[in-house]
Amino acid sequence: MKTQSKRGGPAFTRRDFLKTGGAIVGGMAAGTSRGQAKGEALAVAGGSPAVTLPAKERAAIFKWPPYGDAEKRALVEAIESNSTDIYDFNARLEEKWKAFNGVPFCKSHMNGTSALTSMYFALTRELPPGTEIMVPSYTFFGAILPMRFFGFVPVFVDIDPRTATLSVEHARKAITPKCRAIMAMHSWGLPCEMDKINDFAKERGLIVLEDCAHAHGASMQGKPVGNWGRMGIYSFQATKPLPGIEGGMGVYQDREDFERAAAFGHYEVCGKYIAGSPYAANALSSESAYRKYQGTGLGMKLRMHPLAAVLLLSQMEKLGAQNATINGQVRRLNDRICQLPGLSEPVCRKDQERVYYNSNLIFLDEAKAGASRAAVIRALAAEGVSVGAGNYPENHKFAVYSEPEWWHHAPDVPKVLPGCEEVNARAMNVALFRKDCPELVEQYARAFEKVWAHRDALPKS
Ligand SMILES: Cc1ncc(COP(=O)(O)O)c(C=O)c1O
């Protein structure tokens with residue numbers, strides 16, 4: 001009989017399980033929940049699933065984006081206002097973002113990729129075509145490919161397998177004489193070790209850029225991400241911690257970077273909000289060298305859809321509480337399951353305040369666990385745990401980087417980046433609980449403990 005995985009993945013048969021000696025295991029360690037778990041048959045072998053909360057209730061806990069009546073009302077009001085001033089929502093969002101993120105300058109964009117493109121354009125004020133920029137290979141393509149339009153060339157940096165964020169040790173080895181900037185990406189909401197990156201950058205004369213697409217509300221040593229580098233970006237795409245369905249934000253420490261990035265894709269900010277507007281701070285001052293481009297910008301139209309700004313203004317009210325709820329659930333679950341042999345989570349330093357994007361990333365060391373990732377995932381899924389194998393892009397493996405015609409000069413494409421390989425071989429993405437639900441946390445913890453109690457019987461490869 002086939003046991004269906006919850007994700008519709010390949011099923012683990014009861015016969016496979018029995019073949020490996022995995023019938024109900026007796027011998028309980030009396031009194032402990034792990035001992036009790038050992039006395040129960042795994043769901044994958046015909047036992048009862050550990051997760052019993054009804055599917056509808058679970059779906060409500062996992063639901064994202066968390067739009068409700070407040071967002072619907074705000075959207076209807078904005079639409080009914082039927083006014084060209086509707087773009088003021090963008091300016092309002094920018095003001096709110098500056099207050100929240102602590103950045104001196106920001107500009108809203110239609111998505112994170114357009115904010116990245118504008119950021120690379122801003123760098124052309126001092127970096128000539130042919131300049132190399134260090135980037136983590138473990139990222140979204142939109143963080144790297146837009147640099148092509150300005151003749152920049154990526155140098156792929158590995159990630160630290162303990163954190164899944166940029167490895168400064170590898171950056172030291174990968175740097176070339178043409179490198180003038182380095183990009184940090186705060187993977188899954190965990191800040192990079194920005195103190196180490198900034199020390200390295202200072203030593204080697206590099207401009208620091210931050211991709212904060214996963215990390216709305218994260219900080220290190222009390223300083224929010226987006227403030228450690230000279231420029232950075234956020235994405236507000238629907239899955240992100242702050243979702244606007246689509247949307248992005250560029251953040252800048254330097255006025256001229258802001259003005260140049262803004263003028264690239266915003267033909268009205270060069271002057272529109274100056275006269276009589278409460279949002280003059282996000283327009284270009286009368287002294288700006290870019291003010292004369294009012295009416296044309298510099299050729300792109302990358303403005304955020306104002307209804308995305310409406311959604312985001314409403315969502316921002318809840319961001320802090322939402323992050324705290326998710327963190328609380330993750331802590332309760334991980335403090336328990338990371339006691340199990342072979343399971344761990346990305347290392348978060350004491351001086352880092354992380355958030356969670358997309359999933360609760362758990363590392364599985366198959367040798368220590370004594371079972372394969374595929375088998376563990378199948379067994380957990382049968383217990384009712386929403387979990388899958390993590391496999392995030394390693395950009396250096398994509399065709400576009402190996403074809404010289406797309407680049408000022410051919411990028412040096414590494415064959416293997418061991419940190420990326422290790423993270424992708426070990427990653428398990430456990431669903432994030434977006435609402436407080438101790439009952440489901442308990443059921444998930446018990447599901448892991450139950451699978452671990454039987455792990456000797458699971459396939460090793
Ligand atoms: C790390 C990273 N950078 C940049 C982006 C680009 O953002 P957007 O999808 O809003 O263009 C994403 C989107 O997923 C991302 O994950």
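These exercises work through a predicted model of one chain.

**Exercise 1. Overall make-up**

Task: State how many helices and strands the chain has, what share of residues is buried, and what share of contacts is long in sequence.

Solution:
- Start with secondary structure. The chain has 15 helices and 18 strands.
- Turn to burial. Of the 461 residues, 49% are buried.
- Now take contacts with a separation of 6 or more. Residues 24 or more positions apart account for 72% of them.

**Exercise 2. The largest nonpolar core**

Task: Find which residues of the largest nonpolar core touch the most other members. Then trace which helix gives the most to this core.

Solution:
- The core holds 132 residues.
- Met183, Ile197, Val376 and Leu380 touch the most other members.
- Helix 15, residues 438-453, gives the most, with nine residues.
- Check the domains. Domain 1 (2-65 + 318-457) and domain 2 (69-316) each supply at least three residues to this core.
- Zoom in on Met183. Neighbours within four places in sequence are left aside. Its contacts are then Ile133, Met134, Val135, Ala143, Leu209 and Asp211.

**Exercise 3. A three-stranded sheet**

Task: Give the strand order of the open sheet with three strands, and name its edge strands.

Solution:
- The order is 11-10-15, and the pairing is antiparallel.
- Strand 11 (223-224) and strand 15 (352-353) are the edge strands. Each pairs on one side only.
- Look at the join between strand 10 (residues 219-220) and strand 11. Two bridges link these antiparallel strands.
- Place one residue pair. Methionine 220 stands opposite lysine 223 in strand 11.
- Recall the chemistry behind the pairing. Strands of a sheet pair through backbone hydrogen bonds.

**Exercise 4. The ligand shell**

Task: Say how many residues surround the ligand, which come nearest, and how the shell divides by class.

Solution:
- There are 14 residues around the ligand.
- Gly112, Thr113, Phe140, Ala213 and Ser235 come nearest.
- Sort the shell by class. Four residues are nonpolar, nine are polar and one is charged.

**Exercise 5. Glutamate 256**

Task: Locate glutamate 256. Why does glutamate 256 count as partly exposed?

Solution:
- Glutamate 256 is in helix 9, residues 255-265.
- Count its C-beta neighbours inside 10 Å. There are 15.
- Compare with the cut-offs. A buried residue needs 20 or more, and an exposed one has 12 or fewer.
- Glutamate 256 has 15, so it counts as partly exposed.
- Finish with a distance. Serine 288 is 32 residues apart from glutamate 256 along the chain. Their C-alpha atoms are separated by 8.3 Å.

Conventions:
Residues are numbered from 1 along each chain as its sequence is written. This is a predicted model: local features need pLDDT of at least 70, side-chain atom pairs count only at pLDDT 80 or more; totals for chains, interfaces and linings use all residues. Helices (H or I, at least four residues) and strands (E, at least two) are DSSP runs, numbered from the N terminus. Two residues are in contact if their C-beta atoms, placed from the backbone, lie within 7 Å. A nonpolar core is a set of buried Ala, Val, Leu, Ile, Met, Phe, Trp, Tyr and Cys residues joined through C-beta atoms within 7 Å. Domain bounds come from an automatic or database domain assignment. Two strands pair if DSSP finds at least two bridges between them. A residue is near a molecule or strand if its C-beta atom, placed from the backbone, lies within 6 Å of it. Ala, Val, Leu, Ile, Met, Phe, Trp, Tyr, Cys and Pro count as nonpolar, Asp, Glu, Lys and Arg as charged, and the others, Gly among them, as polar.
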